[in-house]
Amino acid sequence: MLMFSVFKTLTEQVVTVELKNDLCVMGTLKSVDQFLNIRLDNIKMSVKNCFIRGSVVRYVQIPRTAVDTTLLEDATRREAQEGKK
Amino acid sequence: MSFFGFDPVLPERRAPAQAADEDIAVYTWGTEEYGDLGGQLVEGGDEANDETFGDLTIGGDFQFANHAPGQTLASTTVNKPKKKKATGGDLFASTEADFFGFSKKSTKPKTNISQKPSSVVISSSSTKPPTQQQGLWSTPAPSAAFQAAASQVASSQPAASALPAARTLAEIEQELLANRARQPMTLEEIESEMRRNLTVDAPQVPSGVAQGQVQDGFPQPQGYQAQFPAVGRTFPALGGQAQNAQGMFGQPMQMQQPMYPLDSRGPPGLAPGTTANPTSRERMNAELEQKIRETEVAEGKRRRKAEKIAGMARYNGIMTQGDKEFITRIQLSQLVTDDPYASDFYAQVYSALAHQRRTAAGQPAPAPGPTGATVLPVTSGRGLGVGVSRSTGRKLRDNAMQRMTMQVKRIVENAQQRQKSAPTATLQGALGKNKLRPTATAPRPALQVTSSSRNTVNQVPKTGEQPSAITSVLGAATGTTQRQPLTRKQVLGRLEELFEAVLEVEQIRRTQPPLPPQNEEQMQRMGMTPVEVEQLIKRGQEWSQAVQGAVDTLWRKLMVQEPLEISNPHPFIALLGPIKGHRIFSRVIRHFDHARNLTMVILLLACFPQLDVVRNAPSPTLTTSALLSAPELAARQQKEREFESFSNNVINIMIGVINQHDLKMIAGMVNLCLERWDMKTVLSTRPGLALITSLLARGTILQQGATDAANPTPPSAADIQQWDQAFMTLLHTLLPILSSLFPSTRAQATAFGPNASFEAQMETRDEYEGIKMDVLDGEVWGLCTMLAAQATGDDTTFLVLNLRDKIRYTFNSAKHGWVSPQRGEIRLKNVDAFLGVLGMNVSMLN
């Protein structure tokens, strides 16, 4: 849920999705769901947009400025706490 | 002789006469002889055509009812159809009789009765070649060989016609239909009908037709009946209807006149005015047409359906909008949790912070309210985090959201209902190992850290090897004993606990209930009853108690109240070791009140030399980073990062706290520093330097009578005296060491020994690091400036005397270009600030 929550804040950001088949797709993040399926827009391919199944994603490169690291640390702690309960 | 019995003699060696001897027919079409044959054709006999096709009365010679079966083949009637047949022989295949496959059952036995196998052949078979039929129907005096062949064919045909392969399925079907339709007639009815027809219609019926009819089925009623007792039953549904019976009767008549030039619509030779036969034919045609129409309609329906299915098949596997929405709702219903703020923590807080930033920047923020909220409340206490709210398409989105919320709510409620009603206990494990939590919302942690490795604050190390276990217990008892300092691991563990405590406090603070109205008027404006206000006040009290409890826990975990000498470093100081600790310091401080903050700062000042950043501060060096090995470089960078973090998160906040206190407190702090610090060591570090400088600055400002919010009144005379005393002590402590505090000097001393001459200084070659060194020097110059500002009389002279060499060298290096112009400028500025306070100028040094 944490990553889902993080990705929700990253919509409309330009991200690069690295797939497990060594393919890189750069585009605007349109939406993401709890399986981390990703919808990208304005991609540099023969098609304009795409939907990526979350399980085939290896990495997502996100802009540094769009992430609040302190908050992310806190969110991680909270999740760990909930896991302990 | 030939083994197989044929003539082995080659054709060319055969005797020419042999061909002539053969009794087989020699056909010579196209020759003169053939032309003669054409002349031999009987062209006459046309005079009887009127009898056949016209409505002239015809003699009774064909009244087959009176004839014996053998006599029916009257030569007059036989000859006439022969001609017809010559023209329409190939029509056999297309007659209606064939089409309906009529009366299979009845024709077969007929052959036996009438002993005219030829009729059977004609009526039941459509595949026969016309020549054969012509031969069968020709005059009964052909050559003997031909007759024999004909009878052979006749005897073999019934068997052939019985083969199912000879007919199509449609034919069989039609035949069955016709049979069924035929059954209703009783034998008597048929007979009477026949008679009636004969008497009434006989003149219109052509002789050939009549003959066919006789051959077809009704030559001898008795025999017929004997042969087919089953036919004698009446068919209840249709039996007795005269019309029907007539129709049935008529059918075989039409169907089975083989030589009649019939097309499927009816014989053109028959006048439309004829009574019985045309009506039945029309009826039949109508029936047929209706059948065709029905079939066509059915076919059309089927085709339309097929087209529709094919059209829809294009979208097979494509979800409709409704499908998509349904799945979206299912997905969303999985996201609904009891605590949407907790499960969607990052997005919630992030959007809140973004909102704050936007508001601070003066940009229009999304309107707050139920729709602007980042959580969709589904049921009470439950909800769905939707993350950052955006301002685009607000209205449309709101409607959709509202609808969706309702639907998701329904799904969630249904799921809960099911959960309640389903007897899960008995079914548990029936399908193997079940996951208790949905994987999407709570993924299985890949890394599981056992919590036993973490130490709680009050946990006493259990291992007997550590003497601290005993001493800590003893220390707790007596209050004087020292404890082992915290290990790095312990520090990190406790920091995590601190973070959890801080998060707890922040979480509670976020759930602050609305403030109760302050007076009657406000209460009325808010539309609240006194009871509600009472509840609100109570909730507020509970909330503040919760906050207070959480803050107290946090305070305890900070270990500020531990005895000062309990360990070195003090536990609280140890917590400030890692960068993580610096960060938490700035976070916790805003949750504590004034007194606790002051306690924290005083403890920090008292234990300042124990700090990691002070104790392990890097000594300035002339060595450029290019000469350092990778680990050394990494270590240096790490130190710099630590200092940056400490400076930003701790020193700045400490200065903030210091600036809230009056002169007396500042004096007390300076005294504390003097008492506890090894000034040379601490002031050689940037944090110590910064702290002392800011203390001095604050003291100077207050001493000069400045007032601010924290100090509404100017300091009393006693306070000023105390401050002056503290300052004098500090100044005299600092004077001897002041010149050695400069990083450049210390770097020089490290490189060339403590007594190296100022004039022989070596400058670092690296421009960037040189500038950095000069900036660091500037911090010391800043302290000197503060001291100079406060110093009076002789102290000022001493100050300048102590710094004389440094001033001169710095000035000269800048003036004579020993360093780059940029560095020279920095150096001149540093010195100028110091001299300016003393009422002097750089130019005076010349």
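**Salt bridges and the interface of chains A and B**

In this predicted model, Lys580(B) counts as partly exposed, at a relative accessibility of 25%. The side chain of Lys580(B) meets that of Glu496(B) in a salt bridge, with a distance of 2.7 Å from N to O. This pair joins distant parts of the chain, since Lys580(B) belongs to helix H26 of chain B and Glu496(B) to helix H22 of chain B, 84 residues apart. Glu496(B), for its part, has a relative accessible area of 17% and is buried; because the cut-off for a buried residue is under 20% relative accessible area, with partly exposed residues lying between that value and 50%, the two partners are placed in separate classes, Lys580(B) as partly exposed and Glu496(B) as buried.

A further salt bridge is formed by the side chains of Glu506(B) and Arg587(B), again with 2.7 Å from N to O. Glu506(B) is located in helix H22 of chain B and Arg587(B) in helix H26 of chain B, so that this pair ties together parts that are 81 residues apart in sequence. Glu506(B) counts as buried at 14% relative accessibility, and Arg587(B) likewise counts as buried, at 8%. The residues of these pairs do not stand alone: Glu496(B), Glu506(B), Lys580(B) and Arg587(B) are linked with Arg590(B), and with Asp74(A) and Arg77(A), in a network of salt bridges. The network thus has members in chain A as well as in chain B.

Over all chains, the search of the whole structure finds 15 salt bridges. Within chain A, one is formed by Lys30(A) and Glu12(A), whose closest N and O atoms are 3.2 Å apart. Lys30(A) lies in strand E2 of chain A, whereas Glu12(A) lies in the loop between helix H1 (2-9) and strand E1 of chain A, so the salt bridge ties together parts that are 18 residues apart in sequence. Lys30(A) is partly exposed, with a relative accessible area of 28%, and Glu12(A) is partly exposed as well, with a value of 41%.

The contact between the chains involves 30 residues of chain B and 26 residues of chain A. Together, chain B and chain A bury about 2,600 Å², of which 54% is on carbon and sulfur atoms. Across this interface the rule finds 4 salt bridges, and Lys8(A) and Asp344(B) form a salt bridge through their side chains at 2.9 Å from N to O. Polar contact between chain B and chain A amounts to 8 residue pairs, counted where both residues have a pLDDT of 80 or more. On the side of chain B that touches chain A, at least two residues are supplied by each of helices H16 (321-335), H17 (340-343), H18 (345-360), H22 (488-510) and H26 (579-588). H18(B) provides the largest share of that side, with 6 residues. Divided by class, the side of chain B that touches chain A contains 14 nonpolar, 8 polar and 8 charged residues.

In chain A, helix H1 is mostly covered, with 7 of its 8 residues buried. The buried residues of H1(A) include Phe4(A), Val6(A) and Phe7(A), and Lys8(A) is also one of them; Lys8(A) is the residue that meets Asp344(B) in a salt bridge. Strand E1 (residues 14-19) of chain A pairs in the antiparallel sense with strand E2 (residues 24-32) of chain A over 5 bridges, and within this pairing Met26(A) in E2(A) is the bridge partner of Thr16(A). E1(A) and E2(A) form a hairpin with 4 residues between them, and Asp22(A) in the turn has a positive phi of about 65°. E2(A) also pairs in the antiparallel sense with strand E3 (residues 38-41) of chain A, over 4 bridges, and Ser31(A) stands opposite Arg39(A) in E3(A). The hairpin of E2(A) and E3(A) has 5 residues between the strands, and Leu36(A) there takes a positive phi near 60°.

The secondary structure of chain B, by contrast, comes to 37 helices and 2 strands. Of the 846 residues of chain B, 39% count as buried. Among contacts in chain B with a separation of 6 or more, 76% are accounted for by residues 24 or more positions apart.

Notes
Residues numbered from 1 in each chain as written. Chains lettered and ligands numbered in written order. Predicted model: local features only at pLDDT ≥ 70, side-chain atom pairs only at ≥ 80, totals over all residues. Heavy atoms only, no water. Pairing = 2+ DSSP bridges. Contact = heavy atoms within 4.5 Å. Buried area = accessible area lost by both parts, 1.4 Å probe. Polar contact = N/O pair within 3.5 Å; in protein donor to acceptor, adjacent residues only side chain to side chain. Nonpolar A, V, L, I, M, F, W, Y, C, P; charged D, E, K, R; others polar. Buried < 20%, exposed > 50% of the residue type's maximum accessible area, 1.4 Å probe, protein only.
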